[in-house]
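Hi,

Here is the structure I promised to pass on. Have a look at it first, and then read on for what turned up.

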Amino acid sequence: LHLPSELRDRIREYYHHRWHEGKIFDETLILERLNPELCMEILAYKIRELVPKVPILRTASKRFSELLAKSMDPQVYVEGECVVSEGERGDTLYFIDKGLCEILVAAVANEVVRVLGDGCFFGEGAVILKLKRTATIRSKHIMSLYCVKAEDFENTIAEYPDVSSYIERIAKRRVERIQQLHINARLSNGIVLYHASFLV
């Protein structure tokens, strides 16, 4: 396609990372040929490094992480790519396996207000509260994620009300903090004062 050299380099980096992480194949076609028990064991093994990093996966029952693993789709984002954009509709929850991403908020001139790393998740506001995306998430460098569609996540947590209530509390708390940034921006007439740990 005679693509620009910078774009070619990003594509090579993407495929190199997927190959190194063992995520370059279409697992669905392989798993469809196996019995359910083998599939469950494979899927649980696939996310074995993610589970200890994510508090809700680490503390919930093993069965919960096994069920969620069935819906987890591995994805890779290279440096500078937007995973989600503020204001758009969203139906996906993201778990960071490896890498860093930046949170940017329009209320503070799209400055980075926080960085998320291994074991963090985002997108719960859109999935749980059915809101538009409240911030833009951009990969700081190459990043491996596991994505879960809203319908699959809701079906999984339906049997685990404690997990559901925890995620909902997190979602509401984060939305409130983003809303406070917008309020502060309006009150200060463009001179926004906020602390780097505001969204912790």
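Val84 stands opposite Ile137 in β7. Please keep in mind that this is a predicted model. The contact belongs to a pairing between β2 and strand β7 (residues 136-139), which is antiparallel and has 2 bridges.

From there you can work your way through the rest of the sheet. β7 is also joined to β4 by 4 bridges, and these two run antiparallel. Here Leu104 is the residue that stands opposite Thr136 in β7. Strand β4 (residues 101-105) in turn pairs with β5 over 5 bridges, again in the antiparallel sense. If you want a place to start looking there, Val105 has Glu111 in β5 as its bridge partner.

Put together, the 4 strands make an open sheet, ordered β2-β7-β4-β5, with antiparallel pairing. The edges are β2 (82-84) and β5 (111-116); each has a single partner strand, so one side of each has no neighbour in the sheet. From one strand to the next, the twist averages 35°.

Now to a helix. How far apart are the end C-alpha atoms of helix α8? They are 39 Å apart, which agrees with the 39 Å that its 27 residues (161-187) should span at 1.5 Å a residue.

Several residues of α8 are buried: Val163, Ile167, Ile170, Ala171, Val175, Ile178, Leu181 and Ala185. When you look at their spacing, it helps to remember that an α-helix has 3.6 residues a turn, so residues three or four places apart point the same way.

Enjoy exploring it!

Best wishes

Technical notes. Residues numbered from 1 in each chain as written. Predicted model: local features only at pLDDT ≥ 70, side-chain atom pairs only at ≥ 80, totals over all residues. Heavy atoms only, no water. Pairing = 2+ DSSP bridges. Axes fitted to C-alpha atoms, helices over the stretch in contact; angles between N-to-C directions. Expected span 1.5 Å × (residues − 1). Buried < 20%, exposed > 50% of the residue type's maximum accessible area, 1.4 Å probe, protein only.
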